[in-house]
Every structure is written in C-alpha cells, then in structure tokens.
Amino acid sequence: MLTLDKIYHAAFVLKNVARKTDLIAATGLGGSGELYLKTENLQITGSFKLRGAYYKISQLTEEEKARGIIACSAGNHAQGVALAATENGIASTICMPDGAPISKVEATKRLGAQVCLVKGAYDDAYEYACKLREETGATFIHPFDDDLVIAGQGTIGLEILDQLSDVDAVLVPIGGGGLIGGVAFAIKSLRPDVKVYGVQSAGAPSMFNSLSAHEAITLDRVSTFADGIAVKHPSEKTFALVEQYVDGVVTVTEDEIAAAILALIEKQKLIAEGAGAVGVAAAMFDKVDLKGKKAVCLVSGGNIDVNILNRVITRGLVMSGRNTNLMIALEDKPGQLQGVSEIISRCGGNVVSVYHDRADTSMTITSCYLRLGLETRDRTQIKEIREALTAAGFRLVSERA
C-alpha cells in the first residue's frame, strides 16, 4: 500500500542518487496564471523515471536481484531501470516498442541493459516482457503499477511543496498514471487545498476516458508523438489514485504540444519531449482555469528524438502563427509576383519559399497558382497580410498551416 512514509523513505534513499531539480519561474509562456516549471527534464537520465525505478530496485531482496531484472518502457523508465540495475550489479533486460526513439534505445544500451524491441506500442512491449518474466523468472519492474515505483515518483510532490510553499495548482503529465498518482498522493496528503490536474495527449486519452467511464478502460490504439505517455491502459491501482486524489484530467492536441515545446526552447531555453510538455501546453492554451493562481507545470522529461525535433518545431511555428503557407490564384503576367511581394513586405512578413504552379488543370491556360511560404510574427499579422492581399484584388485560394 502507498503511504506518505514510503514517499519520505524514497526521498531519503534517493537523496544522493536523484537531483532535486530546480523549480523556475516561467513568465514568458503565457497562460492565465503565474507559471513555474519543475524541471525533471534536467534529471539524471533526462526524466523523472529514475526516481521510481531506483527506489523499487533498492528495496529488492538479494534473491530477487540475483534473478535479474526485466522491464518494459517507451524509453525513460528503461533508462532509469538500466542505470539503477547496473549500479547495483544486476543484469537487466528492457522490452521497448520498436517505434521508441533511437536516442532512448541507444541510451538504455549505454547504461548497461539488454534491449529487446517489440513491434507495436508500450502495451505490446508490456505483454512480451510478461512472457519473458515467466520464461526466465526475472524480477519485473513495472513502470507505474507498483507502490514503490509510485512512491519514488511521489518525491517530486514533496519537492514542489518545499520549493513553492504557496503553490495553488500542479499540472502533471499522465501516461500510465504512476507519476501523477505519486505526486497527487504526496501533495494532497500534506496540502489538500492544492489542486492537482492531469494532462494527456488527445491521441492517447486512456485515463481521461477511464474517468468518464468510471473504470480503467483500454484504448484500441494510441496516436501521438508524445511516446512517453502513449499508454492504452492505466492500471487499476493508478486509476484509483487518480480518481481519489486528482481534481481533473484534460487533453491537449499534437499541435498544442508542439507549440509548448517551441515555447520552452525559445523562452525558457529548455528542451522537453512531447510527454514532458503537455502540462505546459495545457497552461498555455487555458485547458485549466489558472487565473490568479501560482501553478507548477511538471516538465517530466527531455529525451526528445532529434530526428523529429525539426518537425515538431515547424508545427509549433505554425501553431503559434510564426509560419504559414498561402496559395494565390494569379493571372500569369509580369508584375504579379512583385505586387504580392510588396504587400507582404509592407505588412512585415518574410517570404521564405515561392512556387509557381502552371500545370493545375483547374486553372485557365493564362493563370497560375502562386504558393508562398511565409515567416510571420503571429496570427494577427497573418490576418493583416491576407486582408491586404484581398483588398489589392488578389484571390487567396487557401492557407495551409
């Protein structure tokens, strides 16, 4: 059973293992509240997962350690287990979805674990890990359905209360629910007046849907680049904790997550992965009423795959109105491009790409489509450009974000 004593004991065990990560003000992120960031993306291994994994492994018997360790993970729990196992001289095998970021797979190997890639999502890796456990007798370290793992994650709640004694609300990412279960239990046990909100990707709303159904449900599929929270089914244990201690769960879109990642990079000089940025996205896009409140967004991890970072930044630019595409129907005659360019320049936009399409069969022979890629200040400026072009007699066919 999860108790406050276990969370305090976990904090003692982790004192010289996990960083007490900084809580920093985030005045430039927008939203209606006074925002702070709990920077678990700067934790050792780049994620909060070290806390739960290390505490669980530290409490194993010698017999359990001798059998070796097996775990399943989308990447962050894998690194926490690998580090803890290696430091304790224990052999570890980690089952990971074959779509897990290469950076997380390689980091797990570097930390001393044997990695087994499984086709599908986290839940498929979990099923295979259970099969291996039965075959080998290894000790299984669950990423969230375990009281000791949850207690380790709950140490973040103790730190938040210590670092911001007058906190009003805490926004926590949810995948399987171990993080929010521990954090909410710790905070509500000590400060029941503090609101705790969970945030999921709209493409993987397992806990959100479970609360609506009043039981832990299983999604048919998940679809999100926030791989750290792409979980089809929360456990009965974490669902019960969320139902009892969490004040609400909201979802954010892929574009909102991308905008949050971009804002963290530009305004806070922090790198967050998709799962780590969902709380910030919820605050930025007013998914929770934070007006007049001091709110902490838990940035749970920073292990984003650099191969998709460029695409995420591009989506974030589009979402925040910093980047857009226009398509204009033109008469194919001299001076048209100059006229368009002068209007965009006068409005302060910057043309970064130009493409004339004369082959579209929906146009007349003497016409063409002009496709423009623009750098802009915000959505208000995009509107100004569109209105100026229309007023000058140009016909905008579409705007592709």
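His214 counts as exposed, because its relative accessibility is 62%, and in this predicted model the residue lies in the loop between helix 9 (206–213) and helix 10 (236–245). Its backbone also deserves attention, since phi of His214 is near 60°, a positive value in a residue other than glycine. Most residues other than glycine have a negative phi. Thr45 offers a second case, with a positive phi of about 75° although it is not a glycine. Thr45 is found in the loop between strand 2 (34–39) and helix 2 (49–58), but here the residue counts as buried, because its relative accessibility is 17% and the limit for buried is under 20%.

From the backbone we can turn to the aromatic side chains, of which the structure holds four pairs. In one of them, the rings of Tyr126 and Phe140 have their centres 5.8 Å apart and their planes at 65°, so the pair is edge-to-face. This pair links distant parts of the chain, with Tyr126 in helix 6 (residues 122–136) and Phe140 in strand 6 (residues 139–141), 14 residues apart. Tyr126 is partly exposed, with a relative accessible area of 28%, whereas Phe140 is buried at 12%. Another edge-to-face pair is formed by Phe185 and Tyr245, at 5.3 Å centre to centre and with 75° between the planes. Here too distant parts of the chain are linked, as Phe185 belongs to helix 8 (residues 178–190) and Tyr245 to helix 10, 60 residues apart; Phe185 and Tyr245 are both buried.

Returning to Tyr126 and Phe140, we find that ring pairs link these two residues with Tyr122 and Phe144 into a cluster. Phe140 has a charged partner as well, for Arg133 lies over the face of its ring, at 5.0 Å from the ring centre.

Charged side chains also meet one another, and a search of the whole structure finds 20 salt bridges. One of them joins Asp227 and Lys104, with a distance of 2.9 Å from N to O. The two residues come from distant parts of the chain, Asp227 from the loop between helix 9 and helix 10 and Lys104 from helix 5 (residues 102–110), 123 residues apart. Lys104 counts as buried, because its relative accessibility is 1%.

Asp247 takes part in two salt bridges, which can be followed one after the other. With Lys188, the closest N and O atoms are 2.8 Å apart; Asp247 lies in the loop between helix 10 and strand 9 (248–252) and Lys188 in helix 8, so this pair ties together parts that are 59 residues apart in sequence. With Lys195, the N to O distance is 3.9 Å; Lys195 lies in strand 8 (residues 195–201), so this second pair ties together parts that are 52 residues apart in sequence. Asp247 is partly exposed at 34% relative accessibility, and Lys195 is partly exposed at 33%, whereas Lys188 is buried, with a relative accessible area of 14%. Elsewhere, salt bridges that share partners join Lys38, Glu40, Arg51 and Glu159 into one network.

What does a search of the whole structure find for disulfides? The search finds zero of them. Among the cysteines, Cys297 counts as buried at 1% relative accessibility, and Cys347 is buried with a relative accessible area of 18%.

Finally, on the surface, Leu337, Val351 and Val354 form a nonpolar patch with about 200 Å² of accessible area together. Leu337 lies in helix 14 (residues 336–346) and counts as partly exposed, at 32% relative accessibility.

Note on methods
Residues are numbered from 1 along each chain as its sequence is written. This is a predicted model: local features need pLDDT of at least 70, side-chain atom pairs count only at pLDDT 80 or more; totals for chains, interfaces and linings use all residues. Side-chain values use heavy atoms; hydrogens and water are left out. Patches are made of residues with over 30% relative accessible area and no salt bridge: like charges are joined within 9 Å, nonpolar side chains (Val, Leu, Ile, Met, Phe, Trp, Tyr) within 5 Å. Accessible areas come from the Shrake-Rupley method with a 1.4 Å probe; for residues, only the protein chains shown count as cover. A salt bridge is a side-chain nitrogen of Lys or Arg within 4 Å of a carboxyl oxygen of Asp or Glu. Helices (H or I, at least four residues) and strands (E, at least two) are DSSP runs, numbered from the N terminus. Buried means under 20% relative accessible area, exposed over 50%, partly exposed in between (1.4 Å probe, protein chains only). A disulfide is a pair of cysteine sulfur atoms within 2.5 Å. Rings of Phe, Tyr and Trp (its six-membered ring) pair if their centres lie within 6.5 Å; planes under 30 degrees apart count as stacked, over 60 as edge-to-face and the rest as tilted. A charge sits over a ring if NZ of Lys or CZ of Arg is within 6 Å of the ring centre and within 35 degrees of the ring normal.
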